[in-house]
Amino acid sequence: MKRILLTGMSGVGKSTLIEALAARGYQAVDLDQPAWSEHDADGDWIWRAERVRELLARDDGELLFVSGCASNQGQFYARFAAVVLLAAPAPVLIERLATRTNNQYGKR
């Protein structure tokens, strides 16, 4: 199975893109959800390593897209065929975060 990571700062469009890929029938998982991520003792947002390892070990399809951004994501880079860094100009990110309604992360 080919695995693709979509990553980038808050407000860049990771969740929107992963939802669009899922709507088109692709296996797509948003790792920025509480089932997949949590805050560590220092308050950093991290992926739940064991769950992510299990997800990336699956071999039940041709392609898997995952999205997210966490301080421990680097330990998983070798498992991906590609890491796609999404970016947007600062004014766009500021506007997206200010008007975000689906979660509060990045609003401060």
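Select R58 to begin: in this predicted model, R58 is partly exposed, with a relative accessible area of 31%. Add D60 to the selection. The two side chains meet in a salt bridge, with an N to O distance of 3.4 Å. D60 is likewise partly exposed, its relative accessible area being 47%; this value falls short of the exposed class because that class requires over 50%.

Next, move to helix α2 and select R53 together with E50. These residues form a salt bridge whose closest N and O atoms are 3.1 Å apart. R53 and E50 are three residues apart in the helix, so about one helical turn separates them. Colouring by accessibility should show R53 as partly exposed, at a relative accessible area of 36%. For E50, the relative accessible area is 48%, and this residue is also partly exposed.

Then select R48, which lies in the loop between β4 (45-47) and α2 (49-57). Which residue forms a salt bridge with R48? The partner is E38, and the closest N and O atoms of the pair are 3.0 Å apart. E38 belongs to strand β3 (residues 37-39), and the pair links distant parts of the chain, the two residues being ten residues apart. Are R48 and E38 buried, partly exposed or exposed? R48 is partly exposed, with a relative accessible area of 28%. E38 is partly exposed as well, with a relative accessible area of 30%.

To finish, display the pairs together: the structure holds three salt bridges. Side chains of opposite charge can pair when their charged atoms come close.

Key
Residues numbered from 1 in each chain as written. Predicted model: local features only at pLDDT ≥ 70, side-chain atom pairs only at ≥ 80, totals over all residues. Heavy atoms only, no water. Salt bridge = Lys/Arg side-chain N within 4 Å of Asp/Glu carboxyl O. Helix = DSSP H or I, 4+ residues; strand = E, 2+ residues; numbered from the N terminus. Buried < 20%, exposed > 50% of the residue type's maximum accessible area, 1.4 Å probe, protein only.
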